[in-house]
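Here are my comments on this entry, written as numbered points so that you can follow them with the structure open beside you.

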Amino acid sequence: MAHRVDHEYDYLFKIVLIGDSGVGKSNILSRFTRNEFCLESKSTIGVEFATRTLQVDGKTVKAQIWDTAGQERYRAITSAYYRGAVGALLVYDITKRQTFDNIQRWLRELRDHADSNIVIMMAGNKSDLKHLRTVQEEDARAFAEQEGLSFLETSALEAVNIEKAFQTILTEIYQIISKKALAAQEAAVSMGPGQGRAINVADVSANPTKKNCCST
Ligand SMILES: Nc1nc2c(ncn2[C@@H]2O[C@H](COP(=O)(O)OP(=O)(O)OP(=O)(O)O)[C@@H](O)[C@H]2O)c(=O)[nH]1
Ligand SMILES: [Mg+2]
């Protein structure tokens, strides 16, 4: 029923998972949305997505998380993947240096295809494999700071920081849009009655009285 659906959530945020093949994107998604992990998961082909609804700053937020192949040859058309995304989880594998070195490439792809205001978190996954570590946590943190990204080490296997990674991204997105909505309201009030005009609160269309759909 349309009415019921209307009250299911306050906001819908599209988040994309990116990073090299094998870093654990699909398992991060399955851990977060179904609390499942698979040791022998196959490489993703094309695009998949899953959703989970949760509370963010007292609002009901539906996170729609998109997952695609890290391997170039299996990837779906890039611009469609990024369209409408308000958050990105950029994943590397702490045991594979190359996947960390490639983060620059993924950032470039985000810059080329995603909205410039997209909220980005970098995740060093497989933190359970400490004995095989090739990327030091401090190095990754310094890089993240320099690039203006949030950062966490995660383990989809042990369910460490998966919840926190998404909560952090969603909270950051929510705070940005509520600030924009507030600024728009203040601008409308300061103009006084009869002088109203449409104010574009940009990409994430925050209107506290309406449902907000950030995906297309
Ligand atoms: N030890 C450990 N293994 C993990 C973790 N996350 C994923 N893996 C394993 O890493 C392998 C690749 O995981 P996927 O989730 O399929 O990787 P992906 O990034 O989706 O790969 P593509 O779909 O090819 O881009 C699988 O064997 C997983 O079981 C983790 O946190 N710890
Ligand atoms: Mg995958």
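1. Which polar backbone atom lies 3.0 Å from an oxygen atom of ligand 1? The atom belongs to G24, and please keep in mind, here and in the points below, that we are reading a predicted model.

2. Two further distances involve oxygen atoms of ligand 1, and they are worth finding on the display. In the side chain of S21, an N or O atom is 2.6 Å from an oxygen of the ligand, while for T44 a backbone N or O atom is the partner, at 2.7 Å. Taken alone, ligand 1 exposes 650 Å², and the protein buries 91% of that area.

3. Looking at the surroundings as a whole, ligand 1 takes up the space of the largest pocket. The residues around the ligand number 23, with S21, K25, L39, S43 and G70 being the closest. This shell is made up of 11 polar, 8 nonpolar and 4 charged residues, and the element that gives the most to it is helix 2, residues 25–34, with 3 residues.

4. Turning to charged pairs, the model has 10 salt bridges by the rule applied here. One of them joins the side chains of E72 and R105, with 3.6 Å from N to O. Because E72 lies in the loop between strand 3 (59–68) and helix 3 (78–82), whereas R105 is in helix 5 (residues 103–113), the pair ties together parts that are 33 residues apart in sequence.

Definitions and conventions: Residues numbered from 1 in each chain as written. Chains lettered and ligands numbered in written order. Predicted model: local features only at pLDDT ≥ 70, side-chain atom pairs only at ≥ 80, totals over all residues. Heavy atoms only, no water. Near = heavy atom within 4 Å. Polar contact = N/O pair within 3.5 Å; in protein donor to acceptor, adjacent residues only side chain to side chain. Areas by Shrake-Rupley, 256 points an atom, 1.4 Å probe, with all protein chains shown as cover. 1 Å grid on protein atoms, 1.4 Å probe; cavity = no way out; pocket = protein on both sides within 12 Å on 5 of 7 lines; lining within 4 Å. Sits in = over half its atoms within 2 Å of the grid points. Helix = DSSP H or I, 4+ residues; strand = E, 2+ residues; numbered from the N terminus. Nonpolar A, V, L, I, M, F, W, Y, C, P; charged D, E, K, R; others polar. Salt bridge = Lys/Arg side-chain N within 4 Å of Asp/Glu carboxyl O.
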